[in-house]
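Visitor: I am new to this structure, and I would like to learn how to read it one feature at a time. Could you take me through it slowly?

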Amino acid sequence: MARNPERRAALVDAAVEVLAAEGARGLTFRAVDTAAGVPIGTSSNYFANRDDLLHQIDGWLHQRLAPKPEIIEKLLARPRDRALVTAFMHDMMDRVRGDRTGFLALMEMRLEASRRPELRASLMTSLRGDLDSGIAFNAEAGLPGDAEDITLLYLGMLGLILEQLTMPGMLDGAIPGVSVPDGVVERLVERIVPAG
């Protein structure tokens, strides 16, 4: 059977929806077919097995959740200071708000990777690649903060994203006078990234 690349992409997107809504245990070919609105059995024609589907999701999520080049270009027109780092972190939170499903699916991938060594190796490579790319981007763009600062900022933002996706409202009032998530983003950058 000839495989249609557009249909494969639609199936991976449907798998992301299923993963975010049902978790890894609910990620079956039947569920993906149903979510994609295609005949039952279609996914099995496009993916060798569930592991293949998970690897496809991993690759797609890192593209889907990446910052938009036009946003990066616009932001890089600004002075290279801590305020610009803050703007990049606000963009990240905007992407979380705009694609809650994608970020939830990535969290589900992390949980599934904790139980599946073969997926853990692949996902760790992608996630570490994202972190290393962020560190390199920061240095190449001449932004304040070294590799340690960016790693700590990554960890802080990851925690904030996790709370926003899974327990919205839980952090409200935790830091008096600081809004969630935007004020917390500003505090994280202020506390972690040097001023100049």
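Guide: What follows is a short walk through the fold, the core and the charged pairs. Please keep in mind throughout that this is a predicted model.

Visitor: Where should I begin, and how many helices and strands does the chain have?

Guide: A good habit is to begin with the secondary structure and to read it along the sequence. Here the chain has 10 helices and zero strands, so that the pattern, read from start to end, is α-α-α-α-α-α-α-α-α-α. The C-alpha atoms fill a box of roughly 60 × 35 × 30 Å along the principal axes.

Visitor: What share of contacts joins residues at least 24 apart in sequence?

Guide: For this one looks at contacts and asks how far apart the partners stand in the sequence. Among contacts between residues at least 6 apart, 68% join residues that are at least 24 apart.

Visitor: And how should I read burial and surface, for example what percentage of the residues counts as buried?

Guide: The cut-off to remember is that a residue is buried when its relative accessible area is under 20%. By that rule, 38% of the 196 residues of the chain count as buried, while the chain as a whole exposes about 10,500 Å², of which carbon and sulfur atoms supply 56%.

Visitor: Which residues touch the most other members of the largest nonpolar core?

Guide: In soluble globular proteins, nonpolar side chains tend to be buried together. In this model the largest nonpolar core holds 50 residues, and those touching the most other members are L27, I57, L61, M109 and L153. The elements that each give two or more residues to this core are α1, α4, α6, α7, α8, α9 and α10, and α1 gives the most, with eight residues. To follow one member outward, take L153: apart from neighbours within four places in sequence, L153 is in contact with V85, M89, L188, V189, I192 and V193.

Visitor: What about a charged residue such as D91, is that one buried or exposed?

Guide: One should check the accessibility of each residue rather than guess from its type. D91 is found in helix α6 and counts as buried because its relative accessibility is 12%. Leaving aside neighbours within four places in sequence, D91 is in contact with P67, I71 and L75.

Visitor: How many salt bridges are found in the whole structure, and how do I read one of them?

Guide: The search finds 12 salt bridges, and for each pair it helps to ask where the two partners lie. In one of them the side chains of D13 and R64 meet, with an N to O distance of 3.0 Å. Since D13 lies in helix α1 and R64 in helix α4, this pair ties together parts that are 51 residues apart in sequence. D13 counts as partly exposed at 29% relative accessibility, and R64 likewise counts as partly exposed, at 21%.

Visitor: Which residue forms a salt bridge with R97?

Guide: The partner of R97 is D182, and their closest N and O atoms are 2.9 Å apart. R97 lies in helix α6 and D182 in helix α10, so this pair ties together parts that are 85 residues apart in sequence.

Visitor: Which residues do salt bridges with shared partners join into one network?

Guide: Begin with a single pair, E112 and R116, whose closest N and O atoms are 3.4 Å apart. Both E112 and R116 are buried. Salt bridges that share partners join R50, D51, E112, R115, R116 and E118 into one network.

Terms used: Residues numbered from 1 in each chain as written. Predicted model: local features only at pLDDT ≥ 70, side-chain atom pairs only at ≥ 80, totals over all residues. Heavy atoms only, no water. Core = buried A, V, L, I, M, F, W, Y, C linked by side-chain atoms within 4.5 Å. Buried < 20%, exposed > 50% of the residue type's maximum accessible area, 1.4 Å probe, protein only. Helix = DSSP H or I, 4+ residues; strand = E, 2+ residues; numbered from the N terminus. Contact = heavy atoms within 4.5 Å. Areas by Shrake-Rupley, 256 points an atom, 1.4 Å probe, with all protein chains shown as cover. Salt bridge = Lys/Arg side-chain N within 4 Å of Asp/Glu carboxyl O.
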